[in-house]
Structures are given as structure tokens and as C-alpha cells.
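Please look at the sequence and the model shown here, and keep both in view while reading the explanation.

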Amino acid sequence: MSDIPGHGHHRESLATLAIGALGVVFGDIGTSPLYSVKESFIGHHPLVVDQPHIFGVISLMFWTMMMIVTVKYVFIVLHADNDGEGGSLALLALIRRHLGETRWSPVIVILGVVATALFYGDAIITPAISVLSAVEGLTVVHQGFSEWVLPISIGILIGLFSIQSHGTSTVGKLFGPVMIVYFATLAVLGAMSVAQTPQVIGALSPLHAVHFFLLNPTLAFLALGSVVLAVTGAEALYADMGHFGRKAIMISWLYIAFPCLLVNYLGQAALVMRQPELIENPFFLLAPEWGRLPMVILATLATIIASQAVISGAYSVSQQAVQLGYLPRIKILHTSAKAAGQIYVPLVNWGLLVMVIALVIGFRSSSSLAAAYGIAVTGTMVITACMLGVLVFAVWKWHPLLAGLVTVTFLTIDGLYFASNMTKIPDGGWFPLLVAGVVFIALTTWATGRRLMRERLDEDSLPVDVFLSSVAEKVRRIAGTSVFLASTTEGVPPALLHNLKHNHILHERVVILTVNTESVPHVPASARSEVEALGQGFYRVLLRYGFMDEVDVPAVLAIEERAGGPFKVMETSYFLSRQTLIPSSRPGMAIWREKLFAWMVRNAQSAMEFFKLPTNRVIELGSQLEI
């Protein structure tokens, strides 16, 4: 027992977080042994199953996990948190907040958006390859099961996506314990095999990786495309930092996940050294015959958990993209009253399911899918290395020599893996790139379209002081409060001008309200609102939210008394402006992108739902706008 008050509880809660992180953060990388050794030898670029090649592949896997996961992500990137949050968009927001607008800003923004687009490509492949590779274990149990692999995989995936709307807090409690059993099983099976062939431990020497390259440079380079499958999911360490914290993730990786994975890879290597013909599925063949069916069930549970982590990550990234202005407003439902981070995004959920099922039916096996896997992961890793370079030079201000060494080292390692994966494009690597391309177009079209829309609105905008002196004092006022939503803190919003033009009256209290998303995950309640009295019963209110905060305008106004007293629900009317966009030949975007943007605006969730405005107190005023 600890004598320090609260110390024992802190230790317990850290242990709980570390176990939880095993399920969510390390599900993807934890299921890599299912296919990474097998694919390295019998994938699209087969290798001879002999000692030099086995030692070379295992040496590469060990040092890749050591350099990319342990050094790059655990020891360096996890320190690049944006008030506790991680991921490409959080890192982008962190860099922009520290650097402000510089000549490099557009490049950094594009890098962050490309990394986000690649994440969606990865999020489609991970559930497909993970579940398929686990269910394929049935063919090791009995060859007659082979025709059931696809239907069972599709059934599991449909079931997984169908339960998302109910939230995962209940099932989530089982994730950690299941993954502890899974990792322990990996380690035990691996250790039993290593005990029979102890010389395999020598494969950990980096000299074997060097020898592999000297033996056959071309094949070794191509093999990197399969070796990298051992670290798919490394980006999740950073993306999920907001859920578990740096310390819990470091403990889970260094003391549980990494050692267990390493022992299992060594075990698979020892197995195929003894019996090269077992390379067809060394993961399941490590288990004794009586234990193979239980192993298939355990691996399937682990792959479901890995898929769950990627699906939750896709929800989180989508929410960040909406808040930071890269995606239109979409329906986001909260599935837990206690945990703010537990959300469900129907559009993303069903879109992912359709794409995942299409992948499973199209590629039909985990070996075929392995060709598509890796390019999105390594692309994201290269971008993270670039952004890390900006971070260590410009934000953290490390010594130039150290910053240069770190940046060049990781860009070289990640660049080699990315280049090797580029050779997979004809065999399936085109798929994640296609998905990433479509997502990139959507993200950039929305961000550019919003900027153009604001510029067009600003052209017709009337300064507030001019409006108050020339118009407001001549108009009849009626009892009550009107809140006009504005996209900027300058000028008079279009909805106010249209209301005046058609109705010729104003309420006694008029509030011009702007909601801003800051480049931090959360804004404290004390800094939420800013009020400016403009005179003649006019007020300008600015509400600030973090990119992970839930927006609820009426809840904030209900306790805001600086804007002429409290806001009573039945005496407050909200006026929204809804623009019908007309694509034009004016400079801005290509016509097809303007049409795409107009379509996105039409199909976006209404501001009323997004800001949680009372439905019976909202008035929408339409207008046409050329972009």
C-alpha cells in the first residue's frame, strides 16, 4: 500500500489505461503477425525459405519496430501532443498555432490534409485484411472450411459495423482483457518454438538485415513492402493519445506489446527454419493441432478489436475535420453520457462498411489485400516525418545538428518503405491511393469553397458602425431577442440584412453570433465566450470551441448575462442564412469543383442541428451567391 494520498489510485488508473490501450491502440499492430511473416516469403515477391532470408526478414522486422515504433513514435512523436490530442490534424493545428502564417504554411497544410486522406484509405483496408486473415485460419484447421472464409468474414464485418450506433463502452471493457490473453498466447507459442531452435535469437543482429541486402539488393528492397506490415498501426499510437495519454501507451508498448510480438516473430522464424513448408501459414501452425481452432477464435476477436480501433479513429478524424473546416457539417451522435470522446458518425460508418465489403469481395484473400496494404501507412509515416522535421526545427527549436540527424534518419527509413510499397500500385496499391485522392479532393474543395464563400459575402458586407448609424435607429423595434449567426466577426451578417429588407423590423436586443473553432482540442468554459456591446441594443458574441468539443450554442447563451441579460428560450429567435450557390467563371476554383462544393453545401447537416438550436425558434433566410 502507498502512504501517499491518491498514489495507489493513480497507479491503478494508469494500469487500467495501459490495459485499455492494448485493445484500442495496439489492436492493429498486434494482429500483424497473422500475415507479415507469411507475406514476406510467399507474397508478390517470394523469397527462398532458408536461414539467410529468414534471419534477414526477422532482423528487418525487429529494427523496423525498434526505429519506427519505439524511437520515432513512442520516444519522440508522442511528445508532440496538442493539449493531449494526437494525429495528423492535431499536429497540423499545433504547428500552425506556433508558427502562425509563414510562406511554408500552405505546404504544411497540404501535408496534414494528405495524411488525413491517406488515413481513410488505411481505415478501409485494416478491417478487411485483419478479419480475412484471422478467418483464413479455419483452412489450417480443416481444408473444407475454405469456401466459408468469405461469407464468415463478411458476416463478422456487417455485425461489427451494425453495433456501432449502440456505442462500444460496454464491449470496450472486454477489449483490454481479450488482448492481454491474445498477446500472452503469442508470447507462449513463440517461446515454445524458440526453445526448440534457440539459434534464431541471433536474427536480432542488424548485420543479418545488411547481409540480406548484400545477398540480393532488389529482392531485399521489394521485401520491405511486406516487412512493413509488421508496423501497420504504428500511427494509431499517436492518433489515440487523447484517449489514453502518453504514459499508458508507452507502458503498453514497451512492457507488453513489443516483447510479445518480438517473441512470436522469432517463434514463427524458428518454425519455418525447422519445417520450411509451413510458411503457408506459420502464425496458426505455431499452435499444436488441438489449439488451432481456439487460436482462430482468439485471433478473430483480436482482429475485430483492431477493426474497432480503426473505425473509432475514423469517427474522431471526421469530427476534427468538420470542426477545423475541412468537411461539411455531418451528423455526429454521442453514444456515451460520460465519455465525450465516444461518438458515432452514421455517414462514415456505412460508407466504410460498403467499401470494406467491396474490398473483401474484390480481393478475396488476405494475400491479395496485402498488396493494397502498406502504401497508405507508409505515406502517412513519411508525412509525419516531414511534419516532425518542422516541429523539431521551428517549434521545439532543437540544436540544428540533432534536428537534422533525426529528420534525415526517419525520412530515409520511411522513404525506403514508401518507395518499396509504390511497387505494389499495379497489384492493389492503387486502391488506397484512389480513396485518398477522392478524400483529398473533398477536404480541399470544402476548405477552399468556404474561403471563397466568405470572400464573396465580405464583398457585400456592411460595416456594423455604418449600419447602426444609418439604419438601426430608423427601424421599428419589437420585444424579444434575435440571434443572427455570422461566419466572421466583421460586418453585418447577410441574414440580418435580409430580415430587415423583408420584414422592416428589429428586436429590442440583437445579437450577432460567431462560432470559432480554435487549433486546440478543448477550450475551457471560462474562455468560451467573448461579448462586445455595440450600442442601440446590439451585441457581438464570439463563442470559442476546441476541435474536439461538442458545440451547443443555447447552453452557452443560457448562462451568458453580459449581452444584455439572460437569454430566455421562448423569447429568443435564431436567424440563419442559407446560401444557394451558383458556380460561375469567376476566379476561384474549377467549375467542376464549384459544382462539387455547391452539392456538399446542399447536403451538409443544417446549422440548426449542428449548433443544437431549438427547432421551433429558428428562421432560415435564403439567398443566392455566385462563387
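The paragraphs below go through a sheet, the helices that pack on it, some charged pairs and a few single residues.

The model is a predicted one, and a good place to begin is its open sheet of six strands, which are arranged in the order E5-E6-E4-E3-E7-E8 with mixed pairing. Strand E5, residues 529-535, and strand E8, residues 618-626, stand at the edges with a single partner strand each, so one side of each has no neighbour in the sheet. From one strand to the next, the twist averages 25°.

How do the strands pair with one another? Strands of a sheet pair through backbone hydrogen bonds, and they do this either in the parallel or in the antiparallel sense. Strand E3, which covers residues 476-485, runs parallel to strand E4, residues 505-517, and eight bridges join the two; within this pair, Arg 476 stands opposite Ile 505 in E4. Helix H21, residues 430-459, packs on the sheet, where it touches strand E7 (572-582) and E8, and its direction makes about 95° with that of E8. Helix H23, residues 494-503, packs on the sheet as well, touching E3, E4, strand E6 (538-545), E7 and E8, while its direction makes about 160° with that of E4.

Strand E6 deserves a closer look. E4 and E6 pair in the parallel sense over eight bridges, and Ile 512 stands opposite Arg 540 in E6. E5 and E6, by contrast, run antiparallel and are joined by six bridges, with Val 531 standing opposite Val 541 in E6. E5 and E6 form a hairpin that has two residues between them, and in its turn Gln 536 has a positive phi of about 55°. E6 is mostly covered, since seven of its eight residues are buried.

The charged side chains add further links, and a search of the whole structure finds 10 salt bridges. One of them joins Glu 530 to Arg 544, with the closest N and O atoms 2.8 Å apart; because Glu 530 lies in strand E5 and Arg 544 in strand E6, the pair ties together parts that are 14 residues apart in sequence. Glu 530 is partly exposed, with a relative accessible area of 40%, and Arg 544 also counts as partly exposed, at 24% relative accessibility. Glu 550 and Lys 612 meet in a salt bridge as well, at 3.0 Å from N to O. Glu 550 lies in the loop between E6 and helix H24 (553-558), and Lys 612 in the loop between helix H26 (607-610) and E8, so this pair ties together parts that are 62 residues apart in sequence.

What is the nearest side chain of opposite charge to Glu 235, and how far away is it? Glu 235 is found in helix H12, residues 235-239, and although Glu 235 is buried, it has no salt bridge, the nearest side chain of opposite charge being Lys 72, 5.8 Å away. A salt bridge requires the nitrogen and the carboxyl oxygen to be within 4 Å, which means that a pair at a longer distance does not count. Leaving aside neighbours within four places in sequence, Glu 235 is in contact with Tyr 73, Ser 88, Thr 380 and Thr 384.

Finally, a search of the whole structure finds zero disulfides. Cys 260 is buried, with a relative accessible area of 12%, whereas Cys 386 counts as partly exposed at 26% relative accessibility.

Notes:
Residues numbered from 1 in each chain as written. Predicted model: local features only at pLDDT ≥ 70, side-chain atom pairs only at ≥ 80, totals over all residues. Heavy atoms only, no water. Helix = DSSP H or I, 4+ residues; strand = E, 2+ residues; numbered from the N terminus. Buried < 20%, exposed > 50% of the residue type's maximum accessible area, 1.4 Å probe, protein only. Lys, Arg positive; Asp, Glu negative; His and termini not counted. Contact = heavy atoms within 4.5 Å. Pairing = 2+ DSSP bridges. Axes fitted to C-alpha atoms, helices over the stretch in contact; angles between N-to-C directions. Disulfide = S-S within 2.5 Å.
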